[in-house]
Amino acid sequence: MTNAVQAAALPPGLSARNYGRLAQVIHDASGIKMPAGKQTMLEGRLRRRVSALGLPNVNAYCDYLFDGGDFETELVHLINVATTNKTDFFREPAHFDFMTQIALPAIAETGRRQVKLWSAAASVGAEAYTLAMVMEEFRRGGRGPDYSILATDICTEVLNQAASGRFHSTMIDPVPLDLRRRYILQSRNPGAEEVRIVPALRAKIAFARLNLMDNAYPVGSDMDFVFCRNILIYFDKPTQERVLSRLCDHLRPGGYLVLGHSESAVGVSLPVVAVVNTIFQKV
Ligand SMILES: C[S@@+](CC[C@H](N)C(=O)[O-])C[C@H]1O[C@@H](n2cnc3c(N)ncnc32)[C@H](O)[C@@H]1O
């Protein structure tokens, strides 16, 4: 095929004007930076949505989004497409070691009976289910407090998967074997590639859509742990500072804010002290 024939066979790519418009609404609605270098990625990810709507190409999608009359509904789908949801069970395991070895023994010492945890950019729930396993392990033998977990995300697709507790079997590779036996159900169907978190753990977690860009979060102000990992990197500095400050409002004094390994609250004026790398404690 000549280049000219190839070009004719492809649907027209996103125009610069339309990419600018999409990048702006995504940034305004979610805080996610969309520099020009992300155009190809966004276009690729939009293809499924474009064809689900029966539209001929991404430019027609922009007409539909901006002039179709139901901008708010379509925006939810666009944000689903724009988010990067990569996650893992026991991701950055030092955070969970810190909980087990330092934070939870200190909380248990005070005699407190209930611990509240928030996974604030939860993706498909691997972080929240990891927290549940850590809490269950700590409680084994009856020494630890009871707990509840709130898991929120802006992306409705990942939240649906998270709430189902179903995962591809390869995703649980990082979960230690004894924990897999206790907290993960294998399918009865031999050869099935899906596993499921046990109902007792699923019952401990509430999943909800929450946009960290919102001016106020409908969440209690007595969290013991707020995990907000691997999301701040997608935001610009002023947005990071606003989100961090709002998250701190939801920590009880002594509660912990836990960030991703390449994120920091250093240099931001917050009511916290650094405890160890990427873990901060509210004063
Ligand atoms: C890379 S994942 C990180 C998941 C998990 N915290 C971890 O570290 O494994 C980032 C998540 O942040 C979510 N996200 C992006 N913008 C958001 C916003 N404005 N409010 C809430 N969640 C957002 C994405 O949908 C995505 O699931």
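## Overall architecture

Helices here are DSSP runs of H or I with at least four residues, and strands are E runs of at least two. Counted that way, the protein in this predicted model has eleven helices and ten strands.

Let's get a feel for its dimensions next. Along the principal axes, the C-alpha atoms occupy a box of roughly 70 × 55 × 35 Å. The protein has 283 residues, and 48% of them count as buried.

## Where the ligand sits

Now to the part you may want to look at on screen: the ligand is found in the largest pocket. Around the ligand there are 21 residues, and Ser30, Thr87, Arg91, Asp153 and Asn230 are the closest.

What is the make-up of the shell around the ligand? Eight of its residues are nonpolar, eight are polar and five are charged.

## Polar contacts and burial

Three contacts are worth picking out in the viewer. At Ser30, a backbone N or O atom lies 2.8 Å from a nitrogen atom of the ligand. The other two involve side chains and ligand oxygen: a polar side-chain atom of Asn85 is 2.9 Å from an oxygen atom of the ligand, and for Arg91 a polar side-chain atom lies 2.8 Å from an oxygen atom of the ligand.

How much of the ligand's exposed area does the protein bury? Taken alone, the ligand exposes 600 Å², and the protein buries 99% of that.

Note on methods
Residues numbered from 1 in each chain as written. Predicted model: local features only at pLDDT ≥ 70, side-chain atom pairs only at ≥ 80, totals over all residues. Heavy atoms only, no water. Near = heavy atom within 4 Å. Polar contact = N/O pair within 3.5 Å; in protein donor to acceptor, adjacent residues only side chain to side chain. Areas by Shrake-Rupley, 256 points an atom, 1.4 Å probe, with all protein chains shown as cover. 1 Å grid on protein atoms, 1.4 Å probe; cavity = no way out; pocket = protein on both sides within 12 Å on 5 of 7 lines; lining within 4 Å. Sits in = over half its atoms within 2 Å of the grid points. Nonpolar A, V, L, I, M, F, W, Y, C, P; charged D, E, K, R; others polar. Buried < 20%, exposed > 50% of the residue type's maximum accessible area, 1.4 Å probe, protein only.
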